[in-house]
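Hello,

Here is the structure I said I would pass on. My notes on what was found in it follow below.

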Amino acid sequence: MIATIALSFGVLFLAELGDKSQLMALTFSLRYRWWVVLSGITLASVAVNLIAAGVGHFLGTALPADAIAVVTALTLLVVSLWTLREASGPAEEADDDAPAAPKARNALLVIVSAFTLAELGDRTMFAAAALASSNNWLAVWIGSVAGMVAAGGLAIAVGKLAGRHIPERLIAFCSGLLFLFFAGKTALDAFAPGLGTLGAVALALLPPAVLGVVFAVRARRIAAAEPAKVGA
């Protein structure tokens with residue numbers, strides 16, 4: 001059982017490196033407290049890998065990937081638009097008297113939902129299901145959860161280090177564009193497999209690139225208008 005746990009940990013950890021879920025962990029860590037992000041990753045990993053282990057051990061069949069891809073893409077799109085709306089809105093002053101718990105709860109719900117949907121039907125889930133089909137499903141579940149949480153923890157650490165040197169508004173803006181890219185890439189991978197990886201990436205990058213230019217021009221105009229107001 002220990003060998004299976006170690007094997008599952010290694011496979012899932014390596015599969016998560018550079019995967020969209022690890023990039024999502026990094027992005028979320030730039031905006032929310034590390035323990036909120038890590039808790040969300042852990043909860044999502046427990047649920048997703050339990051499904052994967054059960055599917056691999058008891059059924060040996062895959063989940064409906066197309067339907068999952070639609071839900072995942074729509075969820076990521078909503079998160080993207082929500083984040084971009086916050087980034088483009090007026091700057092909010094910090095309020096020390098405002099309760100932090102509701103915000104943390106909302107963030108946890110968003111993180112758990114996004115990670116769960118992103119992992120359903122992903123290569124890491126199929127890897128866990130494949131391992132469970134020929135190994136102890138409980139050991140695969142434990143090792144897979146540990147591997148995914150470890151990969152997410154690594155991304156959180158990187159995000160926190162980077163967040164110390166990046167303005168909060170820029171973080172929110174880049175996060176929104178990244179989620180928009182993930183939404184497009186998820187949909188294209190499911191419904192236009194003939195494009196290939198490079199083609200899907202190129203098409204998925206178009207909407208974030210256009211929005212990035214629009215927001216950059218808008219930010220420059222606002223910055224140029226502020227000195228004029230001060231001198232008036």
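**Where H1 meets H7**

From H1, the residues Thr4, Ile5, Ser8, Phe9, Leu12, Phe13 and Glu16 meet a set in H7 made up of Ala139, Val140, Ile142, Gly143, Ser144, Ala146, Gly147, Met148, Ala150, Ala151 and Leu154. Please keep in mind that this is a predicted model.

H1 covers residues 2-16, and its axis lies 7 Å from that of H7, at an angle of about 35°. The two helices, H1 and H7, make a right-handed crossing.

As for H7 itself, the helix runs over residues 137-163, which is 27 residues. From first C-alpha to last, H7 reaches 38 Å, close to the 39 Å expected at 1.5 Å a residue. At its start, Asn136 has a side-chain oxygen within 2.9 Å of the backbone nitrogen of Leu138.

**Gly147**

One residue of H7 to look at is Gly147. Its relative accessible area is 0%, so Gly147 counts as buried. Leaving aside neighbours within four places in sequence, Gly147 is in contact with Phe9, Leu12 and Phe13, and these three are also among the H1 residues listed above as meeting H7. Phe13 and Gly147 are separated by 134 residues in sequence, yet their C-alpha atoms are 4.4 Å apart.

**Thr186**

A second residue to look at is Thr186, which lies in helix H8, residues 168-191. Is Thr186 buried or exposed? Thr186 has a relative accessible area of 12%, and because the cut-off for buried is under 20%, Thr186 is buried.

A polar atom of the Thr186 side chain lies 2.7 Å from the backbone oxygen of Phe182. Once neighbours within four places in sequence are set aside, the contacts of Thr186 are Lys20, Ala69, Thr72, Ala73 and Leu76.

**What the record says**

An unreviewed UniProt entry places the feature "transmembrane region" at residues 34-55, 67-84, 138-158, 170-188 and 194-217. Two of these spans can be set against the model. Residues 34-55 are 100% helix and 0% strand, with end C-alpha atoms 31 Å apart. Residues 170-188 are likewise 100% helix and 0% strand, and here the end C-alpha atoms lie 27 Å apart.

Regards

Definitions and conventions
Residues are numbered from 1 along each chain as its sequence is written. This is a predicted model: local features need pLDDT of at least 70, side-chain atom pairs count only at pLDDT 80 or more; totals for chains, interfaces and linings use all residues. Side-chain values use heavy atoms; hydrogens and water are left out. UniProt positions are given in the numbering used here, feature names are shortened, and annotations may be inferred rather than shown by experiment. Helices (H or I, at least four residues) and strands (E, at least two) are DSSP runs, numbered from the N terminus. The expected span of a helix is 1.5 Å times one less than its number of residues. A polar contact is a pair of N or O atoms within 3.5 Å; within protein, one must be able to donate a hydrogen and the other to accept it, and residues adjacent in sequence count only if both atoms are side-chain atoms. Buried means under 20% relative accessible area, exposed over 50%, partly exposed in between (1.4 Å probe, protein chains only). Contact means heavy atoms within 4.5 Å. Axes are lines fitted to C-alpha atoms, for helices over the stretch in contact, and angles run from 0 to 180 degrees between N-to-C directions. A crossing is left-handed if the near helix is turned anticlockwise from the far one by less than a right angle, and right-handed if clockwise.
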